[in-house]
2 protein chains.
Amino acid sequence: MTKLTVQALQWTGDALKVLDQRQLPETIAYDVYDDAAGVHDAIATMRVRGAPAIGIAAAYGVVLSAYRHYRASPTQWREKVATDMAMLAQSRPTAVNLFTALATMKTALEQADEQPLVALLACAQGIHADDVAANHRMGELGADIIGHAQGILTHCNTGALATGGYGTALGVIRSVRQRQDVAVFAGETRPWLQGARLTVWELSQEGIPVTLIADSAAAWLMKSGAIDWVIVGADRIAANGDTANKIGTYALAVLARHHQVKLMVVAPTTTIDWSIPSGDGIEIEQRHAQELLPACYHTPDSLVSAWNPVFDVTPAALISAIVTERGVVMMPSAETMENLR
Amino acid sequence: MTKLTVQALQWTGDALKVLDQRQLPETIAYDVYDDAAGVHDAIATMRVRGAPAIGIAAAYGVVLSAYRHYRASPTQWREKVATDMAMLAQSRPTAVNLFTALATMKTALEQADEQPLVALLACAQGIHADDVAANHRMGELGADIIGHAQGILTHCNTGALATGGYGTALGVIRSVRQRQDVAVFAGETRPWLQGARLTVWELSQEGIPVTLIADSAAAWLMKSGAIDWVIVGADRIAANGDTANKIGTYALAVLARHHQVKLMVVAPTTTIDWSIPSGDGIEIEQRHAQELLPACYHTPDSLVSAWNPVFDVTPAALISAIVTERGVVMMPSAETMENLR
């Protein structure tokens, strides 16, 4: 397994060490948490972000809860851990991985008997390791498809910072780079600038040169012929392959098609919501107008407002490939997606 | 003529009052200049920006030079004014309007005899008034084409702040608003944020509600059906209608075509460079990577770089209409553009 230079989450043996992503790239600072309340805060304050990373952090939060309460009361500790799990579930509203990880930990908690602390830690570390392994698998599968690309453009941050390690879309870029030279471009990803703050930092930490562009320059970059693939992650994928991802992904998809550039979506199968037949069923979260508006317009009677959707939905017809840890679907549709079930 | 609420440049009788656009929208501050050196600085430091506004400011700078030197030396003042004109020509490298305005003032200077100060002021005020009149004419012509649009998206700032008053693309939006309700959207226009800092301020000053979006959200906005027209200005138009404008315009053009949204370019005929047959001949200025990159990457050995073109070129085939003060060209091409010569 490739050495992980960038690690958002590290288990120290009796605590969780969390890289504070809010301060990147100016400051590299870690916080160490030894109880579930601390992990809750780390998630709620967005020190840790990215759906897989949030789920893994919560799993370790359950371990820390068990460590503390088992030692204090070996007979009644399970109730207190259950309370902490309910608290951890409140840390962020929408990340499905958070709830999946807590459900897995709940099962482990119920089944553990003789050495419950060992069993719970093994479960959390298993969730973490499975995520890293899935990312490596996706990286290799994605790199197999890419072939001899000259240039790749990515959007938002889908790397080690957002996952247990290696990354989804950024994992594919890492795997491609291990095989060949390729020019990597990152969109700055307004309004939160995950590309400018996180993706270029993470790539440079790994020794991979990267060129930052304004999101609005992507079309002109494609016109120049510099890129062959756009590679992005996913927040949610419908049963027909329609993909919700960071705002701006849909624009890149339309622009890519116009310029005969291919679009790859990289996400674990846990991202697929089989209960939603198409992207029309995906609700799009709107964020605060304040993220875009200068401070003088933050008044109720302002004539200036902002429209600030967090995500958009890219129709499957604009996607060349969806890469998961279970395999690749080329030209996704309701029929071809069935191969991943 | 419509009252101009926002005025980047105002002649006070013996000085030029300049709105400091660098401080908008937080601070509304004016600087008053009574000599050509001051006007040179106002342009060079980007207190005033926008090609037409720069040309007008320079014309008033020549008037201020004449006022000063004529009173000091009624026999030898012309040489000193010529020196100031050479200085004003150095204030910004590429704005064609700057050189056009200075050439007009030079002719006026050579022809003026009995009351040279009156003649020079009349010439500068004529340049200013002609620009405002051209903008009003374009506003009405553009509004005639728009018909009953529900929503309009604009990019960068092409308003009163960038011109003598009223604006080009923003002038069309003003004219449409005088006839009917229409939802106005503005892209924030990275990296300089002219949309977020200038366009929404200017529209709100005029009492026009406006909704700001991240540039990357334009495609998703178009998909929602909220807009019928994208309306932009131009920095340079080739003889076949290919149009150089602020980076991101080409992306909007491709996205508009995909969503059956129409694209209007609004610019005076002085923007057309008949010597350039197509957009291939337009050189694109690259700006400093520092405009995009976090400070920690401003080192020569950084693995992180930026690609930061200021403009892009939109092929005429993606433009529905070019609106000038001399008339409108629908579906511009080398043939149809000839009607504007």
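In the predicted model, Pro25(B) is located in the loop that connects strand 2 (16-19) with strand 3 (30-33) of chain B. The peptide bond between Leu24(B) and Pro25(B) is cis, with omega at about 0 degrees. The corresponding feature is recorded for chain A, where the bond from Leu24(A) to Pro25(A) is likewise cis and omega is near 0 degrees. Pro25(A) occupies the loop between strand 2 (16-19) and strand 3 (30-33) of chain A.

The relation between the two chains was examined by superposition. Chain B is brought onto chain A by a rotation of 179 degrees with a shift of 0.0 Å along the rotation axis, and the RMSD is 0.1 Å. The two copies are therefore related as by a two-fold rotation axis. Both copies use the same surface, in that 100% of the contact residues of chain B recur in chain A.

The overall form of the subunit was described for chain A. Its secondary structure consists of 10 helices and 15 strands. The radius of gyration of chain A is 20 Å, close to the 20 Å given by the globule rule for 341 residues, so chain A is as compact as a globular protein of that length. Along the principal axes, the C-alpha trace of chain A extends over about 65 × 55 × 40 Å. Of its 341 residues, 62% count as buried. The accessible surface of chain A amounts to about 13,300 Å², and carbon and sulfur atoms contribute 51% of this area. Contacts between residues distant in sequence were also counted: among those in chain A that link residues at least 6 apart, 73% join residues at least 24 apart.

Backbone geometry in chain A includes two residues other than glycine for which a positive phi is noted. For Tyr166(A), phi is near 75 degrees. Tyr166(A) is placed in the loop between strand 4 (151-154) and helix 6 (169-179) of chain A, and with a relative accessibility of 2%, under the 20% limit, this residue counts as buried. For Leu193(A), phi is near 60 degrees. Leu193(A) lies in the loop between strand 5 (183-187) and helix 7 (194-205) of chain A.

In chain B, the loop between strand 5 (183-187) and helix 7 (194-205) contains Thr189(B). Thr189(B) has a relative accessible area of 0% and is therefore buried. Two polar contacts of its side chain with the backbone were identified. One links the side chain of Thr189(B) to the backbone nitrogen of Cys156(B) at 2.9 Å, and the other links the side chain of Thr189(B) to the backbone oxygen of Gly187(B), also at 2.9 Å. Apart from neighbours within four places in sequence, Thr189(B) is in contact with His155(B), Cys156(B), Gln194(B), Gly195(B), Asp215(B) and Lys246(B). Thr189(B) and Thr249(B), separated by 60 residues in sequence, have C-alpha atoms 9.6 Å apart in space.

Cys156(B), a contact partner of Thr189(B), was considered together with the other cysteine described for chain B. No disulfide is present in the structure, the total over all chains being 0. For Cys156(B), the nearest cysteine sulfur is that of Cys296(A), at 18 Å. For Cys296(B), the nearest cysteine sulfur is that of Cys156(A), also at 18 Å. Cys156(B) is buried, since its relative accessible area of 8% falls under 20%. Cys296(B), by contrast, counts as partly exposed at 36% relative accessibility.

A further threonine of chain B, Thr243(B), belongs to strand 9 (residues 243-246). With a relative accessibility of 1%, Thr243(B) counts as buried. The side chain of Thr243(B) reaches the backbone oxygen of Gly241(B) at 2.9 Å. When neighbours within four places in sequence are set aside, the residues in contact with Thr243(B) are Gly233(B), Ala234(B), Arg236(B), Ile237(B), Val265(B), Asp312(B), Val313(B), Thr314(B), Ile319(B) and Ile322(B).

Methods: Residues numbered from 1 in each chain as written. Chains lettered and ligands numbered in written order. Predicted model: local features only at pLDDT ≥ 70, side-chain atom pairs only at ≥ 80, totals over all residues. Heavy atoms only, no water. Helix = DSSP H or I, 4+ residues; strand = E, 2+ residues; numbered from the N terminus. Buried < 20%, exposed > 50% of the residue type's maximum accessible area, 1.4 Å probe, protein only. Polar contact = N/O pair within 3.5 Å; in protein donor to acceptor, adjacent residues only side chain to side chain. Contact = heavy atoms within 4.5 Å. Least-squares fit on C-alpha atoms with pLDDT ≥ 70 in both. Rg over C-alpha atoms; globule rule 2.2 N^0.38 Å. Areas by Shrake-Rupley, 256 points an atom, 1.4 Å probe, with all protein chains shown as cover. Disulfide = S-S within 2.5 Å.
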